[in-house]
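Q: Could you take a close look at the aromatic side chains in this model and walk me through how they are arranged? I would enjoy one connected account.

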Amino acid sequence: CLVAIEMSKRMKLSPLTVMQNLNVIHGTPTWSAQFITSQILGCGRFTNFDYLVKGEGDTLEVQCVAKRLEDQKLVKGTAVSMQMARLEGWTRNSKYQSMPELMLRNRAATFFGRQYIPDLLLGVQTSEEVVDIQPVDVTPEIEKESLDDHGM
């Protein structure tokens, strides 16, 4: 609760809004992808935010675009594709088989948010990003052997 209250003050949002959109995964606070999209749409920095969708099936690709108000420049986020999803291991989530376009839209919006509104996201990852990160054991081998010797 304290983390959410502090975040709400920094973001100038109500604590309830933060609490509704903050998920704790593996002890780490994370945003929902929908929250990132709402931040993009509600921040007042862009107009005409949209998704460019190309291909289908294995060639499906999604990219977010918008017109930046400060300089009227068309800005584009990183394109995400089913090929990227497979290579990154995202397709372990069965939703990539049943609703691939929605999943890629969420990833594309996340990439766009990371590129163009990082100050509004406070560096917090999405739930999907945290779940996708595989834990790595960094315990030195000597320490592991010592732990094994002591039955730990």
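A: Let's begin with a charge over a ring: in this predicted model, Arg-107 lies over the face of Trp-90, at 4.0 Å from the ring centre.

Now to the contacts between rings. The count of aromatic pairs comes to seven. One of them joins Phe-46 and Tyr-116, whose ring centres are 6.4 Å apart with 80 degrees between the planes, an edge-to-face arrangement. Phe-46 belongs to strand 3 (residues 46-54), while Tyr-116 belongs to helix 6 (residues 100-116), so this pair ties together parts that are 70 residues apart in sequence.

The accessibility of the two partners is worth a look as well. Phe-46 has a relative accessible area of 11%, which means that Phe-46 is buried, as the cut-off for that label is under 20%. Tyr-116 has a relative accessible area of 23%, so Tyr-116 counts as partly exposed.

Tyr-116 also has a partner within its own helix. The ring centres of Phe-112 and Tyr-116 lie 4.8 Å apart and the planes meet at 45 degrees, so this pair is tilted. Phe-112 and Tyr-116 are four residues apart in helix 6, so about one helical turn separates them. Phe-112 is buried, with a relative accessibility of 0%.

Stepping back from single pairs, there is one aromatic cluster formed by Phe-46, Phe-49, Tyr-51, Phe-112 and Tyr-116. Phe-46 brings strand 3 into this picture and Tyr-116 brings in helix 6.

Helix 6 has another neighbour to follow. Helix 3 (residues 33-42) packs with helix 6 at an angle of about 50 degrees, and the two axes are 9 Å apart. Helix 3 is therefore oblique to helix 6. The crossing of these two helices is left-handed.

Finally, a word on the cysteines, in case you are setting up bonded terms. The count of disulfides is zero, where a disulfide would need a pair of cysteine sulfur atoms within 2.5 Å. Cys-43 is partly exposed, at 22% relative accessible area, whereas Cys-64 is buried, at 0% relative accessibility.

Methods. Residues are numbered from 1 along each chain as its sequence is written. Side-chain values use heavy atoms; hydrogens and water are left out. Buried means under 20% relative accessible area, exposed over 50%, partly exposed in between (1.4 Å probe, protein chains only). Rings of Phe, Tyr and Trp (its six-membered ring) pair if their centres lie within 6.5 Å; planes under 30 degrees apart count as stacked, over 60 as edge-to-face and the rest as tilted. A charge sits over a ring if NZ of Lys or CZ of Arg is within 6 Å of the ring centre and within 35 degrees of the ring normal. Axes are lines fitted to C-alpha atoms, for helices over the stretch in contact, and angles run from 0 to 180 degrees between N-to-C directions. Angles under 35 degrees count as roughly parallel, over 145 as roughly antiparallel, 65 to 115 as roughly perpendicular and the rest as oblique. A crossing is left-handed if the near helix is turned anticlockwise from the far one by less than a right angle, and right-handed if clockwise.
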